[in-house]
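Here is a friendly walk through one model, meant to be read with the coordinates open beside the text. Shall we start where protein and DNA come together?

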Protein chains: 2
Amino acid sequence: MNEDHGSRRSGPRTIAEIAEATGFSRTTVRFVVGGQAERHRIKAETRARIEAYVAAHGLVVDHTARSLRTRRSEAIGLVVPDLANAFFARLTAELEERCRATGRVLLTASSHEDPEREAQAVAGLVGRGVDGLVVAPCRPPSAFKGIRRGGRTALVMVDRAYARSPWPTVVSDNEAAAHRIAARLIELAGGDVDLLCACPDLPSIADRLAGFRAAARGAGVPAIADRIHVAAGDEPAAAAAPMAAILARGRSPRALMCTSLLMLEGALSELVARFGRLPEDLVVGTFDHHPLLDALPVRILSVRQDEPGIAERAFATLVAEMAGAPREAVCHVVPGRLVERGTAVTG
Amino acid sequence: MNEDHGSRRSGPRTIAEIAEATGFSRTTVRFVVGGQAERHRIKAETRARIEAYVAAHGLVVDHTARSLRTRRSEAIGLVVPDLANAFFARLTAELEERCRATGRVLLTASSHEDPEREAQAVAGLVGRGVDGLVVAPCRPPSAFKGIRRGGRTALVMVDRAYARSPWPTVVSDNEAAAHRIAARLIELAGGDVDLLCACPDLPSIADRLAGFRAAARGAGVPAIADRIHVAAGDEPAAAAAPMAAILARGRSPRALMCTSLLMLEGALSELVARFGRLPEDLVVGTFDHHPLLDALPVRILSVRQDEPGIAERAFATLVAEMAGAPREAVCHVVPGRLVERGTAVTG
DNA sequence: CTGTTAGCGCTTTCAA
DNA sequence: TTGAAAGCGCTAACAG
């Protein structure tokens, strides 16, 4: 029956168990394990006895119970389209690091670009009592209105700046970066440049398109609309159709700009399939850097988004709001870094 | 003073609030929102009134309070060396998906290969009351002995099978896969093959080394010990030193096997730095696939680990243990998939 | 069919 | 310097 008398248990103890075992009250125990022994002038011997017991048996304070009482969980939630995506994976890692450093934990969830899943994820995390939420939203954020439990959950958006979002937002400088890449490609290829993009309605992608268009306009490139090719989805296979359209011109593109690494992967596959290799004089521009790009036998420009910077801004904003700062619907823009490398193979 | 009378609040309600507002008891409300209306034969009108109220005002059940009472959190924890690493990112995504599908949430933490951080992460997650824990351990798992709160936290290890671990473990078939890659490289390069590796003491890497050695032995390759080059850490920059040793022979290696993508990246950088391009007849074998590998101008073999398979096995094992199944210290081996692609550039 | 009650382990306030 | 008591929102067992 009662195989568990409290003293035979292995594993860490609760505060009440320690109190009973040492003969002091819960309050006293809590003061010493909470590091408030000095402040409450606990007798040295009392303190020593309690600390010895803890050292011997261990202690894990139950955050569940603590949260219930204090109405805060020291946890923050993250909702992204896809955790396996390199950008979001790095963002997750950076946020997790900041959580750890401040004694918090990170709860993660993926929306797979599905607003319903996103809503479920948010509700689930809020129900778990997260103090704050970082979301890379897959739709205009109207759905977030009523979700905040008692209005107490802080919220910041990342990666996608929907117009007139009421939430603070942190994004990369997509338009400026796209402008820089495009201008350079146009310069290198004498204006003969194509853009391969997916999900043009996402704010981040729309900004990249705008940057591309502005650069083309600035350089006087004609018929730029015919040079913008939209894939059905942001995955390598979806790049096949638009690439077929490009290759139907009967020659390799001179310069190719991609709005994501996945598009680039798809494009390269198609080129390799068509020509047996990557055309030597091709120039490529892309968003999101990957070290393997350096080994490709083409001239390549990429923009590395500043995940640590984005994470830092988002986290700081979130913490400020959790600490009671008024929410401001500002959009923080974090610059990326342009990486240009001459082609290695022809060097 | 009392600006909040309970009915003026916006946002979802607690069960007690709904009970008071509708005039029924908490039990009744709980039965209908918990989908147990049928089972307890709640009057249809009662049910309709409650459901209407919920539809109008929303409801978020407080998992914090529920957990405190039920002693389970419907949450599982994941501790990996680095969330940004592509393999672990995919594993995380797969686990998160399985959590979502079963109404759980995933709490993530990184150890950065530091046993102390790992212990902190585990303690933090256990303190949060996770029902189960998936860990890619960075040291022999002796430290996990006492951590399980009340002995109730299920635990399964992934990616690294330490000898005589008392916990169920799920890993890739590193040795067999390495054997296959090595055998093929030896065949293609007439036995002229080098291995670049980091962290040879990790069980996964040790297994890959063993597979390499066995293949070399089987093919009668001489002086294989001289062909194994160890980097100081699993990061591209650390590959510089061992690559320098290889290149000091005055010629490009014929076949190069890497125990991780990061090693491969470092190796390719060095080759490009040395020769201005990748040597045309180089053959490369590596662990962990990446789509960009397909665009490299070298013949390449890679083993794609089966993250969904690993996640599925780990999750199933964890759920079984949480459901009361006895813990078995078995090691599940999930086969990877060998991807071989002829060189695109010389094709 | 519906309501009452007693805690889960913690923090907080008040008392001694 | 220490202790007692109330209660966070929920579930579970038992009464009607």
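Around DNA strand D, at least two residues each come from α2 and α4 of chain A and from α1 (15-22), α2 and α4 of chain B. Helices here are DSSP runs of H or I with at least four residues, strands are runs of E with at least two, and both are numbered from the N terminus. The biggest contribution, 5 residues, is that of α4(B). In total 25 residues surround DNA strand D, and the closest are Ser25(A), Arg41(A), Ile42(A), Ile15(B) and Ala65(B). A residue counts as near when its C-beta atom, placed from the backbone, lies within 6 Å of the molecule or strand.

Before going further, please keep in mind that this is a predicted model, in which local features need pLDDT of at least 70, side-chain atom pairs count only at pLDDT 80 or more, and totals for chains, interfaces and linings use all residues. Residues are numbered from 1 along each chain as its sequence is written, while chains are lettered from A and ligands numbered from 1 in the order in which they are written.

DNA strand C also has 25 residues around it, of which Ile15(A), Ala65(A), Ser25(B), Thr27(B) and Arg41(B) come nearest. Two or more residues apiece are given by α1 (15-22), α2 and α4 (63-70) of chain A, and by α2 (26-33) and α4 of chain B. Here α4(A) gives the most, with 5 residues.

The table sets out the residue classes of three surfaces. Ala, Val, Leu, Ile, Met, Phe, Trp, Tyr, Cys and Pro count as nonpolar, Asp, Glu, Lys and Arg as charged, and the others, Gly among them, as polar.

| Surface | Nonpolar | Polar | Charged |
|---|---|---|---|
| Near DNA strand C | 8 residues | 8 residues | 9 residues |
| Near DNA strand D | 8 residues | 8 residues | 9 residues |
| Side of chain B that touches chain A | 29 residues | 20 residues | 12 residues |

Now to the protein-protein interface. Contact, meaning C-beta atoms placed from the backbone that lie within 7 Å, links 61 residues of chain B with 62 residues of chain A. On the chain B side, α4 (63-70), α5 (86-101), β2 (105-110), α6 (115-127) and α10 (261-275) each supply at least two residues, and α5(B) gives the most, with 8 residues.

How are the two copies related? A turn of 180° with a shift of 0.0 Å along the axis lays chain B on chain A with an RMSD of 0.1 Å, which is the relation of a two-fold axis. The superposition is by least squares on the C-alpha atoms of residues with pLDDT of at least 70 in both copies. Within chain B, Leu107(B) comes closest to the rotation axis, its C-alpha at 2.2 Å. The interface residues of chain B are 100% interface residues in chain A too, so the copies meet through the same surface.

The chains also share a sheet. Strands count as paired if DSSP finds at least two bridges between them; β2 (residues 105-110) of chain A and β2(B) run antiparallel and are joined by 3 bridges, with Thr108(A) opposite Leu106(B). The open sheet has 12 strands with mixed pairing, in the order β11(A)-β5(A)-β4(A)-β3(A)-β1(A)-β2(A)-β2(B)-β1(B)-β3(B)-β4(B)-β5(B)-β11(B). At its edges stand β11 (331-334) of chain A and β11 (331-334) of chain B, each with a single partner strand, so one side of each is left without a neighbour in the sheet. On average, neighbouring strands are turned by 25° against each other, direction ignored. In chain A, β5 (residues 169-172) and β11(A) run parallel and are joined by 4 bridges, where Ser172(A) has Val334(A) as its bridge partner.

Chain A holds another open sheet, with 6 strands of mixed pairing in the order β7-β6-β8-β9-β10-β12. Its edges are β7 (228-231) and β12 (337-341), each with a single partner strand, so one side of each lacks a neighbour in the sheet. The twist averages 15° from one strand to the next.

Finally, in chain A the axes of α2 (residues 26-33) and α3 (residues 44-57) come within 10 Å and cross at roughly 75°, which makes α2(A) roughly perpendicular to α3(A). Roughly perpendicular covers 65 to 115 degrees; axes are lines fitted to C-alpha atoms, for helices over the stretch in contact, and angles run from 0 to 180 degrees between N-to-C directions.

Technical notes:
Contact = placed C-beta atoms within 7 Å. Parallel < 35°, antiparallel > 145°, perpendicular 65-115°, else oblique.
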